[in-house]
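Q: Got a minute to go over a model with me? I'd like to talk through how its helices pack.

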Amino acid sequence: RFDAAAHRAELDAIGADPQGLWPRALPAQDHAQVQAAIRFLGDAEHDAWSGEEAAQDAAAAKLKQWSAEFGGAWWMKSSPYLRLRVQMLLMHLCIGTHLLDDAWAAAAHVIL
């Protein structure tokens, strides 16, 4: 189980700047929609690793809907890394919540 507090403590111990961890493959941080997307994906990722089935079910449903709604946004189209991250997270959540048809659909985006 991922311990977010321990991870944050490790980053603080080495003096890592959380703002400096922004991958160059992502769209610019200064766009409000990108910031909201990253925050949303972070929450979904947290739920994926939380071990709480109800939170994982809710996150899978929300991420599936979010992906359908924002998958065509310019900032998603311009970042293959972000699209891959979304589909991999969706695949992970769907496998964990036994939504195997949805997991297969997400996997198809990853391998194609």
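Q: Let's start with H2 and H5. Which hand is the crossing?
A: Left-handed. This is a predicted model, by the way.

Q: What's the angle, and how far apart are the axes?
A: Roughly 30 degrees, and the axes come within 10 Å. H2 covers residues 32-50.

Q: Parallel or antiparallel, then?
A: Roughly parallel. The crossing angle is roughly 30 degrees, and angles under 35 degrees count as roughly parallel, so H2 and H5 qualify.

Q: Which residues meet there?
A: From H2, Ile38, Leu41, Ala44, Glu45, Ala48 and Trp49. From H5, Leu82, Arg85, Val86, Leu89, His92 and Leu93.

Q: How does that contact split by class?
A: Nine nonpolar, one polar and two charged residues.

Q: Now H5 and H6. What's the geometry?
A: H5 spans residues 80-96 and H6 residues 100-111. Their axes come within 8 Å and cross at roughly 155 degrees. The cut-off is over 145, so the two helices are roughly antiparallel. H5 passes H6 in a left-handed crossing.

Q: Which side chains should I look up in that contact?
A: On H5, the contact residues are Leu84, Gln87, Met88, Leu90, Met91, Cys94 and Ile95. On H6, they are Leu100, Asp102, Ala103, Ala106, Ala107, His109 and Val110. By class, that is eleven nonpolar, two polar and one charged.

Q: Switching topic: what's the confidence like?
A: The chain averages a pLDDT of 85, and 88% of the residues score at least 70.

Q: Which elements have the lowest and highest means?
A: Helix H1, residues 4-13, is lowest at 78. Helix H3, residues 53-70, is highest at 94.

Terms used
Residues are numbered from 1 along each chain as its sequence is written. This is a predicted model: local features need pLDDT of at least 70, side-chain atom pairs count only at pLDDT 80 or more; totals for chains, interfaces and linings use all residues. Side-chain values use heavy atoms; hydrogens and water are left out. Axes are lines fitted to C-alpha atoms, for helices over the stretch in contact, and angles run from 0 to 180 degrees between N-to-C directions. Helices (H or I, at least four residues) and strands (E, at least two) are DSSP runs, numbered from the N terminus. Angles under 35 degrees count as roughly parallel, over 145 as roughly antiparallel, 65 to 115 as roughly perpendicular and the rest as oblique. A crossing is left-handed if the near helix is turned anticlockwise from the far one by less than a right angle, and right-handed if clockwise. Contact means heavy atoms within 4.5 Å. Ala, Val, Leu, Ile, Met, Phe, Trp, Tyr, Cys and Pro count as nonpolar, Asp, Glu, Lys and Arg as charged, and the others, Gly among them, as polar. pLDDT is the predictor's confidence in each residue, from 0 to 100.
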